[in-house]
Amino acid sequence: MNRIGVTGHRSIPNEVHAHVLEGIRAALSGFEGSVEALSSLAVGADQLFADLALAHGAELTAVIPSGDYEGGFDEGTDLARYRMLKARATREVRLDFPHSTDEAYYAAGAYIADHCDRLLAVWDGRPARGRGGTGDIVTYARTLGRPVTVIWRDGVERA
């Protein structure tokens, strides 16, 4: 089974959104055979990837950073989408952090990097804004020698 993980920004500017969707679709199509998709299901890149992976026929593994992770989602659409994706996951890996902290987010990203064959990074190339951000996980994956595919459009910065 091919395992593909994701790390990425929660906020994706409109001018790069279609490019990100196409990049994720292309990456998923590049795998032959069965695919396991690893995602923490955060708003933004994680949820886009999970949606597309499921549509592609992949098995979804939800990597949940902490016991109170769900509390970090705004009520309404974001929380409903998280719950829907989590319910569709074939597997759930719940890390042993009681609270959603930068350390928990880093551990979830590291778990995904440790357990995938390729990491997709929806990333503007800038340093992480807090420990466990996209830049940190890309750096970690690269130190493992994990192939990383960066999906972004040059000249566009996240808000």
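Which residues touch the most other members of the largest nonpolar core? Select I4, V20, I24, F49 and L120: among the 36 residues in that core, these five have the most contacts with other members. Keep in mind throughout that you are looking at a predicted model.

**Stop 1: the core and what feeds it**

With those residues shown as sticks, colour the elements that give two or more residues to this core: β1 (2-8), α1 (14-29), β2 (35-39), α2 (45-55), β3, α3 and β5. Helix α2 gives the most, with 7 residues. As background, nonpolar side chains tend to be buried together in soluble globular proteins.

Next, centre on L120. Setting aside neighbours within four places in sequence, L120 is in contact with I4, G5, V6, T7, I24, A27, F49, T149 and I151.

Now look for a second cluster. Another core, of 17 residues, lies apart from the first, and L38, A108, C116 and V148 are among its members.

**Stop 2: strand β5 and its partners**

Select β5 (118-122). Is this strand mostly covered or mostly open? It is mostly covered, since 4 of its 5 residues are buried.

Show β1 beside it. The strands β1 and β5 run parallel and are joined by 5 bridges. Within β5, R118 is the residue that stands opposite I4.

Then add β6 (148-151). This strand also runs parallel to β5, with 4 bridges between the two. Here L120 has T149 of β6 as its bridge partner, and T149 also appears in the list of contacts of L120.

Finish this stop by adding α5 (134-144). Together, β5, α5 and β6 form a right-handed β-α-β unit.

**Stop 3: charged pairs after β6**

Side chains of opposite charge can pair when their charged atoms come close. How many salt bridges does a search of the whole structure find? The search finds 9, and a few of them deserve a close look.

Select R158 and D124, whose side chains meet in a salt bridge at 3.1 Å, N to O. R158 is in the segment after β6 and D124 is in the loop between β5 and α5, so this pair ties together parts 34 residues apart in sequence. Are these partners buried or exposed? R158 is buried, because its relative accessible area is 12%, and D124 is buried as well, at 14%; the cut-off for buried is under 20%.

Now pick E157 and R126, which form a salt bridge at 4.0 Å, N to O. E157 is also in the segment after β6 and R126 in the loop between β5 and α5, so the pair links parts 31 residues apart in sequence. E157 counts as exposed, at 52% relative accessibility, while R126 is partly exposed at 44%.

**Stop 4: a pair at α3, and a network**

Move to E70 and R83, where the salt bridge is 2.5 Å, N to O. E70 sits in the loop between β3 (59-64) and α3 (77-88), and R83 is in helix α3, so you are viewing a link between distant parts of the chain, 13 residues apart. Both partners are partly exposed: E70 has 28% relative accessibility and R83 has 46%.

For the last selection, choose E36, E59 and R91. What links these residues? A network of salt bridges connects them.

Notes. Residues numbered from 1 in each chain as written. Predicted model: local features only at pLDDT ≥ 70, side-chain atom pairs only at ≥ 80, totals over all residues. Heavy atoms only, no water. Buried < 20%, exposed > 50% of the residue type's maximum accessible area, 1.4 Å probe, protein only. Core = buried A, V, L, I, M, F, W, Y, C linked by side-chain atoms within 4.5 Å. Contact = heavy atoms within 4.5 Å. Pairing = 2+ DSSP bridges. Right-handed = clockwise from strand over helix to strand, strands pointing away.
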